[in-house]
Structures are given as structure tokens and as C-alpha cells.
Amino acid sequence: MSDVVEKTLTALPGLFDSQTGAAKITNRLRQLIKSITELTSKHEEENLIKQELSAMKEQVSSPNTTMKQMREIMVRAMYCEMLGYDASFTYIHAIKLAQQGGLLEKRVGYLAVSLFLNEGHELLLLLVNTVLKDLQSTNLIEACMALTVVAQVFPKDMIPAVLPLVEDKLSHPKEIIRRKAVLALYKFYLIAPNQVQHIHAKFRKALCDKDPGVMTSSLHIYLQLIRESPDSYKDMTGSFVTILKQVVGGKLPLDFNYHSVPAPWLQIQLLRILSLLGKEDQSTSELMYEVLDESLRRAEMNHNITYAILYECVKAVYTIHPKAELLEKAARCIGNFVLSPKINLKYLGLKALTYVVQHDAKLALQHQMTIIECLDHSDFTIKRETLELLFRITNAQNVTVIVEKMLDFLRICNDEHTIIHLVGKVAELAEKFAPDNSWFIQTMNDVFSIGGDLLQQDVPNNFLRLLAEGSESKEEDDQLRLYAVDSYLTVLKGHTSHLPQCFLQVMSWVLGEYAHLQESVDQREVIRLLTQLLDQRSVSSETRVWILSALTKISEGQTDLILDLAESLSSSQDTVLRQQAQELRHLSQDSQLHEWALPRGAPWDGIEVDSSLSFLDGFVSEALAAGAAPYKPPHQRQEELCEDRALNLEPYGFSLPVSLSSCSITDRQSPTLLSVSSGLSGNSTELSQKAGSSTLILEGVKRVWGKDGYLPQKEATAPPVDEPSAAVQPPSQQEAAERIEPRPDPSTQNQDKQQLASSLFVGLGVGSSMSLLGKSEAPPLRFRKKPRPHESSSSSSGTSERSSDSSSRSSRNTTDSFLYSSLLEEEPAASISAFDHTPKSTTANGLAQNKDTKEDRRANTSQILGGDMVIVRPSTIQDKHPPSVSSDLTALLPADLKDLPHSDVISLTSDPSLSLSSCRLFRDEALLLVIFISNCTETVIKDVAVQLTCEELKTVSLRGSVGSVHSLSLGHCPQQTSSVRPLVVTTEEYGKLWLSLSHDVKQNLKLLTDAGDPLRTTLNALKDALQLHVVDIIGSEGIVACRLLSGAPCLLHCRVNGTALAMWLRSPHPALPDCILYHCQRALAHH
Amino acid sequence: MIKFLLMVNKQGQTRLSKYYEQVELGKRAALEADVVRGCLARRKEECSFVEYKDYKLVYRQYAALFVVVGITENENELSIYELVHNFVEVLDKYFSRVIMFNLDKVHIILDEMILNGHIVETNKNRILALLALDKMAES
């Protein structure tokens, strides 16, 4: 570090005393800063700040306070808030300062606003006008301040007000303004993607900006967009590669360097973008091999920042489609990191290794000794990262050693967060790879006693579910349960006061269910042990409920013991316990009832649940007859409450004329099996809802890699060991251990470590079945969960959506780009066949029909000229007198397209010789774009070359042999609604569908009131604009349905609410309602 | 992504705090105290990254002052470590030999470098461009 920095920084803490330059700082502020530095206790601080705050309160309310003083007060308020004291009385003055102050006051005002107020604070609305004014200011500083604050905190609803101004700034001559405008748009994109979708083309312009700073800012947007939908931006890979090449090659101005490294953070950003683009995509990856290689090569300088770049580079190399040469270099790089004496580098190396072993477990083998050393490292962070790494390479053969290491670490760890995190992982590994029953139960015992009540609830839930549901073989299941019972009895016989509640609950549940399996133990003994727990003061009342449930289950035939217990509990203060005691007494006295209520050993999935509670029908009708009020579901009650109180902004009171009673009760959230089967306990409802998600983590690893690694050469150089074929059983531990000893180390002191290594890294060798790379071929998992039927039904909305709707494959949230992608994902067949008609059709001069240039190229009928030029040869020239634009060009459509619904023909452009018009045809599954080219002259035109540049389908340029070049816009917004199709359903079907859909959005829209029937007029307007299907209109409510091409439906429920139209939309697709809503808004606004 | 940046002295007094994710005012003091404790507990030869709740902390010590950045797991720790240094170098450049620790100015500098938790500018001249304009306006 430079001397100057050192000096100044040493001066930092003392600088408050410095009197030099104090002229700018007024007395009060200086006094405050000085006093703060002299504080010695929290108590003093409190007193000081309290005094300060009351002095400030007085000052701000005084009419004599000048703007300059106000500015100083703001800085003092910042100090107070920084120390954690509320200074909210100054907030409004911060806004005033931004509004009324001179340049410097304004600056502090804006700064204070961004520090004090978070998004959504109501005071921010008061800032909107100021921001608007400053955005229009010719003063550079004012415009900068406004743009900065807009990018930091700005009310989401007010974005439309500033958006045009911010957009304008994208073409401002000053780079700093353009840069800040891009960042503001990025923020808008994050909080309200709908609002900025129309300016995606401008993002591209920003990316190509001649100023590197503006380009850098646009990368934030692109990283986000590409993360959401990499497929839509593959075509830009070349641009990003070029940019990175230029940066790495030192083409940027020198002041972008940091310690002689060119724009390192920019390089990192670009590498992240590239790795997202190249992931699982060979052809895209090939574009970036060269620049990645160069980055790896260039970053040789010995400086932290180059290592940071290298780390990102290594990650990229391992994320994209593999290339042997690069992988080798990257691996070497990781090696240098982990072996480095610099501890920060070692950490980064371990982190990289952790990432990489998901793809190539063998790399861990190369560094096994280092890993072992790190495991015993004195640095907690290093240790922790090493365990993370080991977790990733765990398989059935090394699980015992790794789990032991993790438990060792946990026993000395006292950070709650780490414990929760790690214990969950141990449980996951134990469940997945347990070698035998006793180890599994013992490990889970450790998990429960170490993790205790910090544990995530799903750990005990998963464990109990596993015991309850079992596997295919009943015998094995019972063995496991027996182990558990034995183990718990032993635990309960020892000291129990220190055991966590969660462990006690697990034990009592298991004993309740399975104690009877252990015939050698007297059930009375079990009852005695459980009853003992009830006497302990440390046992929580929730646990008592669990224990009592268990006792209820095993009470059969032990009436004497139970009655005593029930008696003593029936005077408990806890009502739940009292009730349970009652149940206990009844059930223990009536063995028939007991048998019926708690059937022993009944299969878990055989229990039927009457979720409609039909057995209560008699009771309900009696009550109704006696004048009781009918039941209303909670949301309805709430809605009615709202109606009473204030304006109701919520539509829908379940007043649809559909019989809902049957649907509303059906199993949208039926109680899960276990919750019912563990009946009386009533607190395990969540047990099976959290599906076995935790078991899937490693299996999600994409298999880009073959069973034998990624390299054909590697295969050849692999040690000539007798390799058992991967398909058969994995080799014994010893064999594997011998094979993976890479460099024999003669020193004896290392022997322990070597031994540990061989047990840790067993199973990662070339020949053994690599559990990481091929989970499917790994030794059969010990505990395989049964497929659970009700689970699939709960997630069915997700999967069916995926399969039925091609467009929902793209998981983007942006609504219109999402519509747009569905447009392009259409299978090409439709368009090609349409294209075939071209020569035959009787068009004016020629009819080119296209959706996209790519498909254009596929059409064999036309001749392709270089890039994307297509020549269409008109076969006939019939009409010498070109129809005027307004005349009916649609009459010229090919016969099989004539009947399709179509938009108006829009004239795009014309010049003396040619005129272009277009029209959109709506097919169920696609959108066809028809372009009419008319000859306006008397002469025959021989060749017309149409070049479609598809920049998000917005522009078409036409080059005629006539010599003129036209660039045309196809218009943007209406385009995006073109993939909406009417969905024809009956009112009844609508009602059912409505209930099955999950994503909903509500909003009030403008009602068109200019006609007699506002609702009908509005809906018709929407229908015309968006091709919706109006299902029914009843009174002041209307229901409308549409779908996305032939994919996801979207249902709209509209209700007239005063002068507004309350609209409620539902769809299985998360983004669709927002999108449709947006377009409805637009359509109504344009009306 | 960057969640917060703190400058804290060895006594645990906060000298600068900026949060990029909403943290209630009342909870900040406790978080800051935790963070300092975490950093002070580390020895010189240990690495500059610590796990803290859902975050990773990247810290760098300058004399009695710690600069601590809370980041998410997917962030590149070493690049943040150097970002801190870049920040300090900018402060050094702007405040030259006689530094006035102007809280507002430091915030303005920081806002130029980090916006919404993302690194948006690292070029020193450009980071200071706005303040230079301010100076001109002032005089």
C-alpha cells in the first residue's frame, strides 16, 4: 500500500480533532463529531445524542433557520441515525432541502433522503416533483443528483412519470448522465420490469456506447436479463466476447486500470455473463474458448485482483461446455490457489474446488493432502469451507468419515447459523448414504442432540416420514424401527434433562408407533419412561402433547397405569393436556374404540381422509335449521369486513354464478396423510408437505461429464489398474485406497493423514462408480422414499404447465419479452408451409411472409443471398395499378389463411416506386406476419430483395433494386399482444378453472364510461384490442378468458366498482396475469 | 451482491454505514456490534473472510479502522476485498493530505461506486467527477 494511504488512514480515527479545513464545517457539527469520538460509554452516547436531537428539533422548527444551517442539521441527523438513533423528524426537512436548496444543499438533501427513506416510504411521493424538475434541469449536477436518487429510492408507482425523461437521457451528450440513466433504468427493471420492456433496444444501444463507462453500466441489466433467460441473448455472445477481448487487451483508457490491471471488475462481470451464456451450450461455448484462454494467460501478475479475475475465469471454464485444454489450465490454477501460502488465496481455492467438484470429483483427489490439512486448519473459515467441499464429494463409501468430521466440527462450534446449516447437511448425508441401520440411527441421534431446537423443522419431519413410510421391504423397515426403539430406550434410561425438545418429540413419536415391535421389552417399561419425562420441568408443553399422544397409542391393556396418569393430568392448567388426558382415559378403557381410532400397523397410505367433513353434515343442517349463520370462509369474512369499513378495492366475493361449494372443499390443501395418522398429536401437520427436496441437491448436477471424466486422453493416462467395470459393485475400500494414493509419501508422520485421505476420498477414483457424476449408478441408496401420490398432485400445476405450454419454458418474469419469446419459440413448420404459398399466391407484386429471419433462411423456395437477404421472385404480375394502401390487401391473402382473424393492414412505408404494408394473422398456435410489397410504378420490377433484420422483430429494412433503402418499423407494442388468443369456455368451466389457478393479480382499471353500458363497452374494447373471449356478463360483473397461443390460460374477472373496473386475473403462469393486465391498461388508456 | 458496507473502529464505534438491503434502524447497532466482534476475534494470519449469518463478511483493517463489507455467497470475496482498497484509495485521493472526514462526501463517493449493492464505477477519476463539479459550483 502506498505511503500516502497508510498515512492518511492512520490519521483517519484522529482526524476528527483536526482543526484544519474546519472553516467549511460549522461549529455545531464539529462539536458533535468531536464529542462522539471522545465518548467512552454507551450511556454517554445516549445522553449526547438525546441532547443533540432535541437541539436539532428546536432548530428545524425555527423559521429563522437558513438552508445552509439546514444542510448542516442534515449531516448531524445522519450521524445520529448512523449511531442507531431515530431522527425521523428531519425526514421531511431532507425533502424540503432537496426541493428548495441551492446546489450544495440539494446534494445533501438528496443524500439524506436516500439514507433515511427506503422504497415505499410515503414521504417519497413528495419528492417526485422535485425529481421531475431536476431531471429537466440544464444543470449537469442537478440532473446527476436526480438520476442518482431515482436509481436508489423511488416510488414504484411513480416510475411512469419519470420514465420518458430518464429515457431521453440515454442520448445525452455527457457520459456521466447516460451512465446514470442506464443505472436508473436497471433499477426500474428490477422493481417493475413491465415498465421498461419497451426499451430493450435502447439497452443494446447503451451496450454499444462509445464510452466504456456507459457500456459497463448496461452490463448490470444484461447480467440480470441473461440470468433470467439465457436463450434469448445467445446472439449477443460475440459482442460480450469482443468487449472482454478489448478489455483484456488493454484497449481501455488507462484510468480504468486498477493497479495496472485493466478494469478488473468489468472483466469479472463479463466472465459471469459469458458463463451464463455458455452453460450447457456447446456452440456458444466455442465462441468464448479463445478469450477465456487469454484471460487465464494474461492474469499472471501477482496481485489479489488478478486472482479474483482468475477465480471467476475458472468458474466460467467449469460452467460452460467443457474443453480439455482449458480445464487443464483451470485445474492448475486451482492447484496454485489451494497450495498458496496466502490464506485468502487458499480460501478462494477451496471455494473454487467446492464449485468444481460438482463437475469433476477427481480434482479433489489431486488435492487430498491439502484438503486434509485445511480440515485441521486453525482458521474457522477455512475449516468451514473444507467441510462444504467434503459435503460435495460424499458418497456411500466415505460417508462415515466425512460425517464424523462434520460432527466433530459441530461439537466445538457455537455459531447458531453454522450449526443449523451444517446439521441439516449431516442429516441429508445420513439419509442418503447410511451404510447400516445402527449408524443411521446413531448419527441422527447426534443430529438431534447437537442441532437441538435450532434445527429446521423439516429435519425431524423428514426423518419421521422416512421411518413411517419405509421402503419396499417391510422386514427392513421394521429392522430400522426396531433399532430406533432400542436406541431411544437406552437414551431415555440415561440423563434426559439436557435433551432438546425436538429430540424428545421424535423419540416419543417413534416409541408410540413402534415400541410394540420390540417384544423383549415390557410395554409398561416404555410407559414408565415416557411418563417420567412428563414429570420433568424442562419439558415444554408442546413436547408433553407429543408424549401423551405416544402414551395414548401404547396404552392398550395397561389401564391401571394410564388411569392414574390421566387422573393427575385432568387437573392440568393446560387445556390441550386436559383434553388429551380425557381422550387417553376414554381410549384406554374402550379397547374397541382404541383399535378403531388408532389401528396398529395400518399402512400409511391406506388411510382415507374425509376432507369434506361430510360426517358433520347432519350436525350442520341441524344447526342451520336452528337459525345458525352459515359458514363463511375466512377470506370472505375479511372481505366483508373491508367492505364495511372502507372502499373495497378487492373484486370477487365468490359471487360467481357457479356452484362453488363442491369445488371449494376439494383437496387443494387436504391434510396430509401423516397429520391424520398421527391423529391426536396434531402438531405434525407439516410432516409430509415438505417433500424430499433435500435429497435432490447432488442429483441435480448436470451430467456434462462422462463416467470416466471429461477427457478421452485422461482415460489413456489413467493408472493401469484392474478396473472393475463401473456398472458392477464399487471396489472394496482397500482397493480404492490403494489406487488413489497419488504420490507415495515415505514420511511416517504423514501416515495418519494419508490414512484419513484414503478414507475420505474413497470412491472418487476413476474406476469406482463415481457417486458425484453418476448418482443413478451409485450404489443403491439406503433409504429410498416411496413415491408419494399426493405429492405429485400438489405440484401438478407446476408440471402440467411446463408440459402443456411451450412458452412457459422460459421462466422470465418480464412480461412482454415473455410473450415475445413464445412468439419465436414456435415450431418452424407453420411458417415454412405458409411461405410455400408465396409464389403461387396472387399477390400484387409478391408476397413475402415471415416471422423471423432464421426461418426465412430455412425456406428453400427462396434464394439466399449472403447474410440475411432473401430474394423472392414474384411469379405473376397481375395488377398494374397498385391498390391504394387503404384498399383491401387482405383479399390477396392465400386461400388457407384468409379465414384467420387478422389485424388491419398497416402501411409501413412507401416511396415513389414501392410501398410496403403488413398485417398480422392470428393462428391458434402462432402469429403470422404478412408483408405486402406493392409496385407503385408502371414498370416491372424484377428483383426485390427483402432484408429482415430481426431486432426483436421491430424493424424491417427493405432494399429494392430500385436503389432506395427503407428502414421500417413494424411498430412495437401491438406486436406483443399478438400471441394472446381467446379461450372459449363456459361459465361453469371457467369457475372450475379459476379455482385451480394459482397466480393472481388484482388491480383497478379505467372504466370506459362514455356509453350506456360501461362494463360491456369496456370489455368489448378489451376484446377488440387483445382478442379476449368474454365468457359472461352478469349484472356488474364480467368474466373473460384468454390464453397464450395454445398454452397457458389466463382468466379475468371484472367488476364495476364505482368509476373503476376492478380486475382480478389468474393464470397458472406467474408472469401472464401481470402481462395481460399491462396490456389491458394500455388498451384502455389508448381508447 | 453487496448487502452493506461499514467502517468501524476498534472500539466498535461506527464511522460509516451504508445498507443496500433494508435493515431496521433498531437492529443496525446490534448487527454492527456483532460484525466488529467477529472481525476483532480474527487473527492477522487468518483469512479476511468470515461467515456471518446468511452473509459472508469481507474485512480489511487500516490502522484502527475496519472496513467491513457484507456480501452474498455468490459474490467473489477477493474482488470485494480489492474494492475496499479501491474505495480507500479514492478517499485518500480526494481528501489529500488533510482529510476532513465529511460524512456526506464519503457517502457521495460511495454512492458513485456502489449502487443497490452492485459495483457500478471503479475508475477513480470518474468516481470523483461529481465532487469536482460540486467544488467548482461552490467556489
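**Close-up 1. Strand β2 of chain B in its surroundings, in a predicted model.** Six of the six residues of β2(B) are buried, so this strand is largely enclosed by the rest of the structure. Its residues are 14–19, and β2(B) is nonetheless an edge strand, pairing on one side only. Helix α3 of chain B (residues 103–113) packs on the sheet, where it touches both β1 (2–9) and β2, and the direction of the helix makes about 35° with that of β2(B).

**Close-up 2. The hairpin of β1(B) and β2(B).** The two strands run antiparallel and are joined by five bridges, with Lys18(B) of β2(B) as the bridge partner of Leu5(B). Four residues lie between the strands, and in this turn Gly12(B) has a positive phi of about 90°.

**Close-up 3. The open five-stranded sheet of chain B.** The strands follow the order β2-β1-β5-β4-β3 with antiparallel pairing, and the edge opposite β2 is formed by β3 (49–52), which likewise pairs on one side only. Neighbouring strands of this sheet are turned by 20° against each other on average, direction ignored. Within the sheet, β4 (residues 55–62) and β5 (residues 65–71) of chain B pair in the antiparallel sense over seven bridges, and Arg60(B) stands opposite Val67(B) in β5(B).

**Close-up 4. A nonpolar surface patch on chain A.** Leu613(A), Phe615(A), Leu616(A), Phe619(A), Val620(A) and Leu624(A) together make a patch of about 590 Å². Leu624(A) is found in helix α34 of chain A, which spans residues 617–625, and this leucine counts as partly exposed because its relative accessibility is 41%, a value between the limits of 20% and 50%.

Methods: Residues are numbered from 1 along each chain as its sequence is written. Chains are lettered from A and ligands numbered from 1 in the order in which they are written. This is a predicted model: local features need pLDDT of at least 70, side-chain atom pairs count only at pLDDT 80 or more; totals for chains, interfaces and linings use all residues. Side-chain values use heavy atoms; hydrogens and water are left out. Patches are made of residues with over 30% relative accessible area and no salt bridge: like charges are joined within 9 Å, nonpolar side chains (Val, Leu, Ile, Met, Phe, Trp, Tyr) within 5 Å. Accessible areas come from the Shrake-Rupley method with a 1.4 Å probe; for residues, only the protein chains shown count as cover. A salt bridge is a side-chain nitrogen of Lys or Arg within 4 Å of a carboxyl oxygen of Asp or Glu. Buried means under 20% relative accessible area, exposed over 50%, partly exposed in between (1.4 Å probe, protein chains only). Two strands pair if DSSP finds at least two bridges between them. Axes are lines fitted to C-alpha atoms, for helices over the stretch in contact, and angles run from 0 to 180 degrees between N-to-C directions. Contact means heavy atoms within 4.5 Å.
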